[in-house]
Amino acid sequence: MMLFIAFVLAGIGTYLIRISGITLLGGDRELPESVTKTLRLVGPAALAAIVANALLLDGGEWRGFSAWHVAAMVAIVVAIWKKSMGWSLVSGAVSFAALLLLGM
Amino acid sequence: MNPRNPGDRRHPLKVALSVGRIQRVDFVAGARAIGPLSPGSFMFGAAFGALIQVGGFNSWVGMSGSVLVMAGASQIAVVESLRIAAPIAVAVLTALVINARFALYSAALAPSYSAFPRRWKLALAYLMTDQAAAIALQHADRYPDPVRRRWFNFGAALSFTLAWYAGTAAGIVLGPIIPPSWQLGFIVPLMFIALVVPTLKHRSEIVAAFVAIAATLLLKDLPLGLNVILGALTGIGVARLVR
C-alpha cells in the first residue's frame, strides 16, 4: 500500500514535470541558459548516484568484490565503445550470467 | 510528400469515421523510428517487474507503477527506497529528482508541440520518455505539418510505452520462477549503466557523474537512502561551478 501511494505521488509529480515546458513555453520562448545547463546535468548525476549506491554499496555497506563489479565493468566498456544502451545491457547480462556459472 | 495535407479539412466526416491513411503511415513511421530501442524498453520493463517480485511487493501495485509513473529509473528508485524502509517522502523526492530531466525535454519539445491541440499535448506529455523525446526532436524538421508531426510522435511514443507495459507484465509473471541464486538485483546497476554511460558526452556531464558517485559513497552512512539524493545534487552543483 505504501508502494502504491508512492507511485501515485511520484506519478502526479512526474506528469507535472513532463507537461511543464510544453504548456508554459507556448512557442519561441526559451529557458534561461543557466537553467538549461543545470537540467542537462540532472540525468547524469542522478543516474550515476544510483549506480554507485546499487553497485558499490549493499544496504549502506561496501559490497565485497564479486561478479557484480566485473560484469558492470564489461557493461561500461561496451557502452563507451558501442555508444548503445542495448549492447551494454546484453554484454553486462551475458558476462554476469557467465561469471555466476563459473562460480564467481 | 504534401506537407499541407488539406484532405483532412475537406472530408471531416471521413476523418471522424476512421484514422486517415496518411496518419496511419506517419504513426507507423514513428513506431519504426523508435523500433531499435523498443526491445530495450521491454527488457527494462521486465527487469522492473522482476524486481517487484523479488522485493516481495504486490503484482498489481507493481504494474500500477509502470502505468502511473512510466519512468523506469524513478520507479526502481521508489521500490529500492521503500525496500530499505525509507519514508515515503524520501522515495517520492528521489523519484522526482531523477525525473527532473523531463523538464528539459519538455522545454525542448515546446516549439514543436505548440501547434498541437491541447489533448494531444496532454497525451504526448504522459508518453514522454528519454527515447521518445530524442526521436521527436531528431525528426521534428522532417515533419513541417503539425498534423503529420503529431501522428509520427504518437507512433513513436505509444509503441515505446506499450513495450514498457508488456515488459513489466512479463517480468511480474516470470519473476517468481527465477531462483534467488541468479542474483536478479544486478539488473538495477546494469540498467542504469546502460542508460547513462552512452549519453555522457560533455565534460560537465562526466564531472557531474563522477562527483555524484564520490559523494554518494562518502555519504553512505546517512539514513533513509538520503545519500543518493544528496550525491546527485552535489554532482550537479559541483559540475555547475566547474567551467
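**Close-up views of chains A and B**

**Figure 1. Overall architecture of chain B in the predicted model.** The secondary structure of chain B consists of 14 helices and 0 strands. Read from the N terminus, the elements of chain B accordingly follow the order α-α-α-α-α-α-α-α-α-α-α-α-α-α. The C-alpha trace of chain B extends over about 65 × 50 × 30 Å along its principal axes. Chain B comprises 243 residues, of which 51% count as buried. When contacts in chain B between residues at least 6 apart in sequence are considered, 76% link residues at least 24 apart.

**Figure 2. Overall architecture of chain A, with 4 helices and 2 strands.** Along the sequence, the elements of chain A are arranged as α-α-β-β-α-α. The C-alpha atoms of chain A occupy a box of roughly 55 × 40 × 25 Å, taken along the principal axes. The radius of gyration of chain A is 19 Å, whereas a compact globule of 104 residues would have a value near 13 Å. Of the 104 residues in chain A, 40% count as buried.

**Figure 3. Packing of helix 4 against helix 6 within chain B.** Helix 4 (residues 38–54) and helix 6 (residues 72–83) of chain B pack at an angle of about 10°, and their axes are 10 Å apart. Angles under 35 degrees count as roughly parallel, and helix 4 and helix 6 of chain B are therefore roughly parallel to each other. From helix 4 of chain B, F44(B), F48(B), L51(B) and I52(B) meet G72(B), Q75(B), I76(B) and V79(B) of helix 6 of chain B. By class, the residues of this contact between helix 4 and helix 6 of chain B comprise 6 nonpolar, 2 polar and no charged.

**Figure 4. The contact between chain A and chain B.** Chain A contributes 66 residues to the contact and chain B contributes 75 residues. On the side of chain A that touches chain B, the elements giving two or more residues are helix 1, helix 2 (33–55), helix 3 and helix 4 of chain A. This side of chain A divides into 43 nonpolar, 18 polar and 5 charged residues.

**Figure 5. Helix 3 of chain A beside helix 12 of chain B.** The axes of helix 3 (residues 67–82) of chain A and helix 12 (residues 187–196) of chain B come within 9 Å and cross at roughly 15°. Because of this angle, helix 3 of chain A is roughly parallel to helix 12 of chain B. The crossing of helix 3 of chain A with helix 12 of chain B is right-handed. In this view, A72(A), A75(A), I76(A) and A79(A) of helix 3 of chain A meet P189(B), L190(B), I193(B) and A194(B) of helix 12 of chain B. The contact of helix 3 of chain A with helix 12 of chain B has 8 nonpolar residues, with no polar and no charged ones.

**Figure 6. Surroundings of F4(A) in helix 1 of chain A.** F4(A) lies in helix 1 (residues 2–24) of chain A. F4(A) is partly exposed, having 16 other C-beta atoms within 10 Å. Residues up to four places away in sequence not being counted, F4(A) touches V61(B) and S64(B).

**Figure 7. Surroundings of S84(A) in the loop between helix 3 and helix 4 of chain A.** S84(A) is found in the loop that precedes helix 4 (85–101) of chain A. S84(A) counts as partly exposed, with 18 C-beta neighbours inside 10 Å. S84(A) and G59(A) are 25 residues apart in sequence, and their C-alpha atoms are 30 Å apart in space.

Notes. Residues numbered from 1 in each chain as written. Chains lettered and ligands numbered in written order. Predicted model: local features only at pLDDT ≥ 70, side-chain atom pairs only at ≥ 80, totals over all residues. Rg over C-alpha atoms; globule rule 2.2 N^0.38 Å. Buried ≥ 20, exposed ≤ 12 C-beta atoms within 10 Å, placed from the backbone. Axes fitted to C-alpha atoms, helices over the stretch in contact; angles between N-to-C directions. Parallel < 35°, antiparallel > 145°, perpendicular 65-115°, else oblique. Left-handed = near helix turned anticlockwise from the far one by under 90°. Contact = placed C-beta atoms within 7 Å. Nonpolar A, V, L, I, M, F, W, Y, C, P; charged D, E, K, R; others polar.
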